[in-house]
Amino acid sequence: MTGKWDVDDWITEAAATPIYRFYPTSVAKDTSLSLEETFTYLLEAVKDNRLKLYWEIRCPNLECVRSISVSPDKIISGNVTCSICGEEIKITPDIVFPIFEITPEYKARISQKKTKKNRVVFSMSRAALQRRLPFRVPCQ
Ligand SMILES: [Zn+2]
């Protein structure tokens, strides 16, 4: 169960940074969980609208390997032309990758919480702290 907490912590921390989209492999690497387990917990975060799942088509041309398109629908058939190297590519499951996006709603909530927490820290001066405590606060 702590695996889920680790993934949830990762999402919360990422939401407070400029990170906007990420691959499940980054989370698995940082949390030392298996990719399958990580993916399961990330999908739970999709269910409660902290994340959105997208599918990225990556150019299989080894000299290119760029992201060609990102869509909420998993398209695994048809052809696509890479706008970077110009190659026409047949879409197969091995060039389609899951990518997660932190929802703007969740990002806003986390940054708001962060600001509030800072305000509390700043409003508590040493003198204010001393008034609340029955013993002398040592000087730093
Ligand atoms: Zn390409």
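## Report on a predicted model: I11, helix α3 and the sheet

I11 touches A45, R50 and L51, leaving aside residues up to four places away in sequence. The model is a predicted one. I11 sits in helix α1. Is I11 buried or exposed? It has 21 other C-beta atoms within 10 Å, and the cut-off for burial is 20 or more, so I11 is buried. F22 is 11 residues from I11 along the chain, and their C-alpha atoms are 9.9 Å apart.

**Overall build**

The protein contains 5 helices and 6 strands. Along the sequence they follow the pattern α-β-α-α-β-β-β-β-β-α-α. For a compact globule of 140 residues, the expected radius of gyration is near 14 Å, but this protein has 22 Å. Its C-alpha atoms fill a box of roughly 75 × 35 × 25 Å along the principal axes. Of the 140 residues, 14% count as buried. Consider contacts with a separation of 6 or more: residues 24 or more positions apart account for 50% of them.

**The sheet**

Four strands form an open sheet in the order β1-β6-β2-β3, and the pairing is antiparallel. Its edge strands are β1 (21-22) and β3 (67-71), each of which pairs on one side only. Strands of a sheet pair through backbone hydrogen bonds, either parallel or antiparallel. How many bridges join β2 to β6? There are 7, between residues 51-58 of β2 and residues 96-102 of β6, and the two strands run antiparallel. Within this pairing, Y54 has I99 of β6 as its bridge partner.

**Helix α3 on the sheet**

Helix α3 (residues 35-47) lies across β2 and β6. It runs at about 120 degrees to β2. What span should α3 have? With 13 residues at 1.5 Å a residue, the expected span is 18 Å. The end C-alpha atoms of α3 are 18 Å apart, so the two values agree.

T38, Y41, L42 and A45 are the buried residues named in α3. Seen down the helix axis, the buried residues fall within an arc of 100 degrees, so they line one face of α3. Their cover includes α1 (2-15), α2 (24-31), β2 and β6. A45 is also one of the residues that I11 touches. On the face of α3 turned away from the buried side are the exposed residues E36 and K47.

**Positive phi in two loops**

Most residues other than glycine have a negative phi. N49 is not a glycine, yet its phi is positive. This residue follows α3 and lies in the loop between α3 and β2. V65 also has a positive phi without being a glycine. Its place is in the loop between β2 and β3.

| Residue | Phi | Loop | C-beta atoms within 10 Å | Class |
|---|---|---|---|---|
| N49 | about 65 degrees | α3 to β2 | 10 neighbours | exposed |
| V65 | about 45 degrees | β2 to β3 | 13 others | partly exposed |

Why does N49 count as exposed? It has 10 C-beta neighbours inside 10 Å, and a residue is exposed at 12 or fewer. V65 has 13 other C-beta atoms within 10 Å, so it is partly exposed.

How values were computed. Residues numbered from 1 in each chain as written. Predicted model: local features only at pLDDT ≥ 70, side-chain atom pairs only at ≥ 80, totals over all residues. Pairing = 2+ DSSP bridges. Contact = placed C-beta atoms within 7 Å. Axes fitted to C-alpha atoms, helices over the stretch in contact; angles between N-to-C directions. Expected span 1.5 Å × (residues − 1). Arc of directions from axis to C-beta. Rg over C-alpha atoms; globule rule 2.2 N^0.38 Å.
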